[in-house]
Amino acid sequence: MVDEYFKDFETTLTKMNMHANEESKIKWFVRGLRKNIREFVELNEYSSLIKVVRVAIKVESYLYRPDGRMR
């Protein structure tokens, strides 16, 4: 799930004491998304990581049913 991935992503950045710029964080985050979610997310440009996360969660909720299977 995207929200769990984001939490892990943030934890990893904190543990590694990474203070990368927003653009780098966005690129790293997007690379780690499932391919079918990433393809939708990459259609736009984003100014903040939070905006990318929100879009990825929306795409995921559209693509996957509550039981985790694809529509």
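Leu63 counts as buried, because its relative accessibility is 11%. This residue sits in helix 4. The model is predicted. In space, Leu63 lies 8.1 Å from Ile37, C-alpha to C-alpha. In sequence the two are 26 residues apart.

**Helix 4**

Helix 4 covers residues 49-63. Its 15 residues should span 21 Å at 1.5 Å a residue, and the end C-alpha atoms are 21 Å apart, which agrees. Leu63 has company on the buried side: Leu49, Val52, Val53, Ala56, Val59 and Glu60 are buried as well. Seen down the axis of helix 4, the buried residues fall within an arc of 130 degrees, so they line one face. Residues three or four places apart in an α-helix point the same way, because there are 3.6 residues a turn. The face turned away from the buried side of helix 4 carries exposed Arg54, Lys58 and Tyr62. What do the buried residues of helix 4 pack against? They pack against helix 1, helix 2 and helix 3.

**Helix 1**

Helix 1 runs over residues 2-15 and has 14 residues. From first C-alpha to last it reaches 20 Å, close to the 20 Å expected at 1.5 Å a residue. Val2, Phe6, Phe9 and Leu13 are its buried residues. They cover an arc of only 60 degrees around the axis, which puts them on the same side of helix 1. On the other side, Lys7, Asp8, Thr14 and Lys15 are exposed. The cover over the buried residues of helix 1 includes helix 2, helix 3 (35-41) and helix 4. Asn17 follows helix 1. The phi of Asn17 is positive, near 55 degrees.

**Helix 2**

Helix 2 spans residues 22-31. Its buried residues are Lys25, Ile26, Phe29 and Val30. Their arc around the axis is only 125 degrees, which puts them on the same side of helix 2. Glu23 and Arg31 are exposed on the other side. Helix 1, helix 3 and helix 4 are among the elements that cover the buried residues of helix 2.

Glu22 belongs to helix 2 too. Is Glu22 buried, exposed or partly exposed? Glu22 counts as partly exposed, because its relative accessibility is 34%. Beyond its neighbours within four places in sequence, Glu22 is in contact with Ser47, Ser48 and Leu49. Take Ser48: this residue is 26 residues from Glu22 in sequence, but 6.3 Å away in space, C-alpha to C-alpha.

**Buried sides compared**

The table sets out the buried residues of three helices and the arcs they cover.

| Helix | Buried residues | Arc around the axis |
|---|---|---|
| Helix 1 | Val2, Phe6, Phe9, Leu13 | 60 degrees |
| Helix 2 | Lys25, Ile26, Phe29, Val30 | 125 degrees |
| Helix 4 | Leu49, Val52, Val53, Ala56, Val59, Glu60, Leu63 | 130 degrees |

**The largest pocket**

The largest pocket holds about 190 Å³ of space. Which residues line the largest pocket? They are Glu23, Ile26, Lys27, Val30, Val41, Glu42, Asn44, Glu45 and Tyr46. By class, the lining has four nonpolar, one polar and four charged residues. Helix 2 gives the most to the lining, with four residues. Two of the lining residues, Ile26 and Val30, are also buried residues of helix 2. Glu23 is another lining residue, and it is exposed on the other side of helix 2.

Methods. Residues are numbered from 1 along each chain as its sequence is written. This is a predicted model: local features need pLDDT of at least 70, side-chain atom pairs count only at pLDDT 80 or more; totals for chains, interfaces and linings use all residues. Side-chain values use heavy atoms; hydrogens and water are left out. On a 1 Å grid over the protein atoms alone, a cavity is a set of points where a 1.4 Å probe fits but cannot get out, and a pocket is an open set with protein on both sides within 12 Å along at least five of seven lines; lining residues have an atom within 4 Å of a point. Grid points are joined across faces, edges and corners, and a volume is the space filled by probe spheres set on the points. Helices (H or I, at least four residues) and strands (E, at least two) are DSSP runs, numbered from the N terminus. Ala, Val, Leu, Ile, Met, Phe, Trp, Tyr, Cys and Pro count as nonpolar, Asp, Glu, Lys and Arg as charged, and the others, Gly among them, as polar. The expected span of a helix is 1.5 Å times one less than its number of residues. Buried means under 20% relative accessible area, exposed over 50%, partly exposed in between (1.4 Å probe, protein chains only). The arc is that of the directions from the helix axis to the C-beta atoms. Contact means heavy atoms within 4.5 Å.
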